[in-house]
Amino acid sequence: MSLDSKLAFDKISKVWDADIVPTLSKYIEIPNQSPQFDPECLTNGFQDQAIELMVDWVKKQNVEGLTMKVVREPNRTPLIFINVDGTNNTQETVMMYGHMDKQPPMAESWSEGLGPWKAVMRDGKLYGRGGADDGYAIFASILAIQTLKEQKLPHSRIVILIEACEESGSRDLPHYMEVCAKEIGIPSLVICLDSGAGNYEQMWLTTSLRGIMMGTLRVKVLREGVHSGSGSGIVPSSFRVLRQLLDRVEDSVTGKVHLKSLNVDISAKDQQFAKEAAAILGDTVIQKFPWSGSCQPVASDIQELILNGTWRPTFSYVGVAGFPSLEQAGNVLRTETSLRLSVRLPPTADPKLVEAELKSVLESNPPYGAEVSMIVDKGMSGWTAPPLDAWLEDTLRSASQRYYSKPFAAIGEGGSIPFMGMLGERFPKTQFVITGVLGPGSNAHGPNEFIHIDFAKKLTACVTEVLLQHYKVKH
């Protein structure tokens, strides 16, 4: 009862080239943005187009024992729910997860010849929005299952969830988890294909995820704008007030965050993961970013940079309001300035405590008595992986060695997958394989997003082996 790995990879490679890449290219061309970025997403038809494309493809695979439905409820994004019966009707369950909603296009920033809604194959990479994050997941999941079936090899019962709200914080998924709770059961293994990779040379396992909190800081000093010649020096600038407030939460020189609720202890285990990843990746941790001019990273020590990006809190300023365009900027003292904040939370930070402290620090005793408000969206907690069972660690190591010729590596991820935190709380005894294709340069959320096709093929093969070994261990 073993997998013919050469036969399996040959099949996986052919299906990717002949079927998945063309279908994924069609998916890329659909501008199905997440609801946070497209308020009309439930009515403009783009989500329906993406769902129809995926559902039709799955049906054409004729996977034995597969049933599928699209769960829809008023004022909620839909969910693709797939069940594949286990061999010998086993109820031992694996959950596989991905999402089909996309980030905004950033169309003006893509390189010549590329675009968010234009699928382009170049040097073994398929460019376009959503291919890597995370449109490929449903195709790779089904292919892994079908590869086992074609070799008449067993697998546990498999539930696949493809949501349409991940990029907006998975706000509909907790509801669907309750609605589908009986159908889902209690998985002993979760496989998520929405994470990153340190390089394209081996399989990467995500050991932790940072949380995320979004909010808008608003400072208002006047009811209407006034001539800067008469008002400046008497009326405080709303922008200068905002700068003072930001100094309360972040050191503008070092980037160190001052809030107690955002500073957590980093375990020896996670420091060791960072040390090992630093040894593997070296300067590629720095080189993977498209630096401008002579700009340098915030530190030179690679291990510290990895910990900065995976375990330490950060503030990013991702949107601004209250400023006219440069062409329309006159000599006017503006009434207000608003700043959109993206706060990355350490994996073990409590979003409720962070929100309370953030609002208190920013809103209390405002400079000059200015009107200040900090409106916080719902924060999402991070996640830390439980220790790997011996069988799973051995399987990942051997599979990565077989298909990549290197053992798997582990690293924390600086981004967020809200669903993982939910699952960790709901299924505390479950094993997790959080992995993905978002390697150096793939640039999810930014311009020139791509999926490295050869890497994705090998990852599909590794997942196939994990599914087989899970069945062997549990039966």
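**Rings and cysteines: worked exercises**

At 44% relative accessibility, Cys295 counts as partly exposed, because that label covers values between buried (under 20% relative accessible area) and exposed (over 50%), with a 1.4 Å probe and protein chains only. This is a predicted model, where local features need pLDDT of at least 70, side-chain atom pairs count only at pLDDT 80 or more, and totals for chains, interfaces and linings use all residues. Residues are numbered from 1 along each chain as its sequence is written, and side-chain values use heavy atoms, leaving out hydrogens and water.

**Exercise 1.** Work out how many disulfides the structure holds.

*Solution.* Start with the cut-off: a disulfide is a pair of cysteine sulfur atoms within 2.5 Å. Now try Cys192: the closest cysteine sulfur, in Cys165, is 15 Å away from its own, so that's too far for a bond. Cys192 is also buried, at 0% relative accessibility. The final tally is zero disulfides.

**Exercise 2.** Classify the pair Phe239 and Phe323, then place both rings in the chain.

*Solution.* First, the rule: rings of Phe, Tyr and Trp (its six-membered ring) pair if their centres lie within 6.5 Å, and planes under 30 degrees apart are stacked, over 60 edge-to-face, the rest tilted. That rule gives 10 aromatic pairs. Phe239 and Phe323 sit 5.9 Å apart, centre to centre, with 80° between the planes, which makes the pair edge-to-face. Next, location: Phe239 belongs to helix α7 (residues 238-249) and Phe323 to the loop between β11 (314-321) and β12 (332-333), so the pair ties together parts 84 residues apart in sequence. (Helices, H or I with at least four residues, and strands, E with at least two, are DSSP runs numbered from the N terminus.) Both rings are partly exposed: Phe239 at 38%, Phe323 at 41%.

**Exercise 3.** Do the same for Tyr404 and Phe455.

*Solution.* Their centres are 5.3 Å apart and the planes meet at 50°, so call this pair tilted. Tyr404 is in helix α12 (residues 390-404) and Phe455 in helix α14 (residues 453-474), 51 residues apart. Check the burial: Tyr404 is buried at 7%, and so is Phe455 at 1%. Finally, look around: Tyr127, Tyr200 and Phe450 join these two in one aromatic cluster.

**Exercise 4.** Which charged residues lie over Phe450 and Phe323?

*Solution.* The test asks for NZ of Lys or CZ of Arg within 6 Å of the ring centre and within 35 degrees of the ring normal. Over Phe450 you'll find Lys125, 4.8 Å from the ring centre. Over Phe323 it's the charged end of Arg334, at 3.7 Å.
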